[in-house]
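Visitor: Please take a close look at one part of this model, the charged side chains that pair with one another, and then follow the chain outward from there. I would like a careful account that says where each partner sits and how exposed it is.

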Amino acid sequence: MTLTETLLRELRISERELATLVRTAPERYKVYTIPKRTGGTREIAHPASELKTAQRVVVKSYLETLPVHPCATAYRPGASIRQNAERHSHNRAILKYDFTEFFPSITERAWLSYCDENETFGRQDAIMSGRLLFRRPKGGRILRLSIGAPSSPILSNVLMNAFDRAIYDRVTPHKITYTRYADDLTFSAERTWNLKVVDGIIRSVINRLSYPKLTINNKKTILVTPKYHRQITGLVLTLDGRVSLGRDRKRNIRSAIFHYSQGKLDRKAEVKLAGTLAFAKDVEPEFYTRMERVYGKELIDNIKFSVNGYQRDQ
């Protein structure tokens, strides 16, 4: 079944309506900015509802069947930042890299090259899917992956498969563990000297691969040893090889629970606390159990159920 036939069946629209959707898709986004945790802003582009539905059809019918390397620990079933951190918990030295403008640096051209090399789609379907999956920024000509589209996370993993495979194959002989959580690359080894080869390997792989065109953010390259606070994707690796929320985050959670018990949190703060506790239960279940003992299981359950019926501000 062709992509056109699949979309017509799943979207239940006419051929003329589908043609209009495909033609206008790269511009059908609502764009706004949100503040970054580290300063500055990040541009978010949400596809219009009908385009979002089409993107989900492409994901379910095609993208979910394409290979993703096991080193990619984001945007896949069962993956989490805890899993990402745990893979490095047995090592002492950690080296972290970050890509500049990761999603926007992945372009429609990369997708078309991937489709040609892997015979994923015929040329016509590749072009059609590219228009549905990539956005044209205002004033730009190149179609780029959008932060905010439901298809972007899995598509980034698919298009990074060759990169992840090349990096893994080259660092493993040096007894180095490698994972990638979106644009966060983490390498770890028992000794710091093992990691000296990483920089050259990364840059060699980037230069050799025809797509996607990636750029390392040198300002965020960090080497951490047990002498310092070792963090991976926001989680702390303890000296005894455990993954922890970290003292500061746990102190903030305890403070929020106490304020909830005193009736001092508004509804929005309650919902945020509920999400934080769910995250804490996944990352460090012992801490969550301790909070149940200290404050009572009933109170913790009440926090958990505070999300019922809550709607975020539009």
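**Charged pairs and their surroundings**

Guide: Between Glu50 and Arg28 there is a salt bridge, in which the closest N and O atoms are 2.2 Å apart. This contact joins distant parts of the chain, since Glu50 belongs to helix 3 (residues 49-61) while Arg28 lies in the loop between helix 2 and strand 1, 22 residues apart. The model is a predicted one, and the distances and angles that follow should be read with that in mind. Glu50 counts as partly exposed because its relative accessibility is 33%, and Arg28, at 25% relative accessibility, is partly exposed as well.

Elsewhere, salt bridges with shared partners tie Arg92, Glu190 and Arg191 into one network. As background, side chains of opposite charge can pair when their charged atoms come close. In this model the count of salt bridges is 14.

The loop that holds Arg28 takes part in another such contact, for Glu27 forms a salt bridge with Arg136, with 2.1 Å between the closest N and O atoms. Here too distant parts of the chain are linked: Glu27 is in the loop between helix 2 (15-24) and strand 1 (29-35), whereas Arg136 is in the loop between helix 6 (123-133) and helix 7 (152-159), and the two are 109 residues apart. Glu27 has a relative accessibility of 43% and so counts as partly exposed, and Arg136, with a relative accessible area of 26%, is likewise partly exposed. Another of the pairs is made by Glu10 and Arg9, whose side chains meet in a salt bridge at 2.9 Å, N to O. Glu10 is partly exposed, with a relative accessible area of 40%, and Arg9 is partly exposed at 46% relative accessibility.

Following the chain from Arg28 into strand 1 leads to a hairpin. Strand 1 pairs with strand 2 (residues 41-47) in the antiparallel sense, over seven bridges, and within this pairing Tyr29 stands opposite Pro47 of strand 2. Five residues lie between the two strands of the hairpin, where Gly39 takes a positive phi near 110°.

Some charged residues gather with others of like charge. Arg37, Arg42, Lys220 and Arg249 form a patch of positive charge on the surface. Because patch members are residues with over 30% relative accessible area and no salt bridge, this group stands apart from the pairs described above. Lys220, at 40% relative accessibility, counts as partly exposed, and its place is the loop between helix 9 (198-208) and strand 6 (222-224).

That loop between helix 9 and strand 6 also contains Pro212, which is joined to Tyr211 by a cis peptide bond with omega about -20°. In general, most peptide bonds are trans, and most residues other than glycine have a negative phi. Against that background, Tyr75 and Lys175 are worth checking in turn. Tyr75 has a positive phi, near 60°, although it is a residue other than glycine; it is placed in the loop between helix 3 and helix 4 (81-86), and at 38% relative accessibility it counts as partly exposed. Lys175 also has a positive phi near 60° as a residue other than glycine, and lies in the loop between helix 8 (161-171) and strand 4 (177-181). Lys175 is classed as exposed because its relative accessible area is 70%.

Further along the chain there is an open sheet of three strands, which run in the order 7-8-9 with antiparallel pairing. Its edges are strand 7 (231-232) and strand 9 (243-244), each of which pairs on one side only. Strand 7 is paired in the antiparallel sense with strand 8 (residues 235-237) over two bridges, and the bridge partner of Ile232 is Leu235 in strand 8.

To set these parts in the whole, the protein has 13 helices and nine strands, and its C-alpha trace spans about 60 × 55 × 35 Å along the principal axes. Of its 314 residues, 45% are buried.

Methods. Residues are numbered from 1 along each chain as its sequence is written. This is a predicted model: local features need pLDDT of at least 70, side-chain atom pairs count only at pLDDT 80 or more; totals for chains, interfaces and linings use all residues. Side-chain values use heavy atoms; hydrogens and water are left out. Patches are made of residues with over 30% relative accessible area and no salt bridge: like charges are joined within 9 Å, nonpolar side chains (Val, Leu, Ile, Met, Phe, Trp, Tyr) within 5 Å. Accessible areas come from the Shrake-Rupley method with a 1.4 Å probe; for residues, only the protein chains shown count as cover. A salt bridge is a side-chain nitrogen of Lys or Arg within 4 Å of a carboxyl oxygen of Asp or Glu. Lys and Arg count as positive and Asp and Glu as negative; His and the chain ends are not counted. The place of a charge is taken as NZ of Lys, CZ of Arg, CG of Asp or CD of Glu. Helices (H or I, at least four residues) and strands (E, at least two) are DSSP runs, numbered from the N terminus. Buried means under 20% relative accessible area, exposed over 50%, partly exposed in between (1.4 Å probe, protein chains only). Two strands pair if DSSP finds at least two bridges between them.
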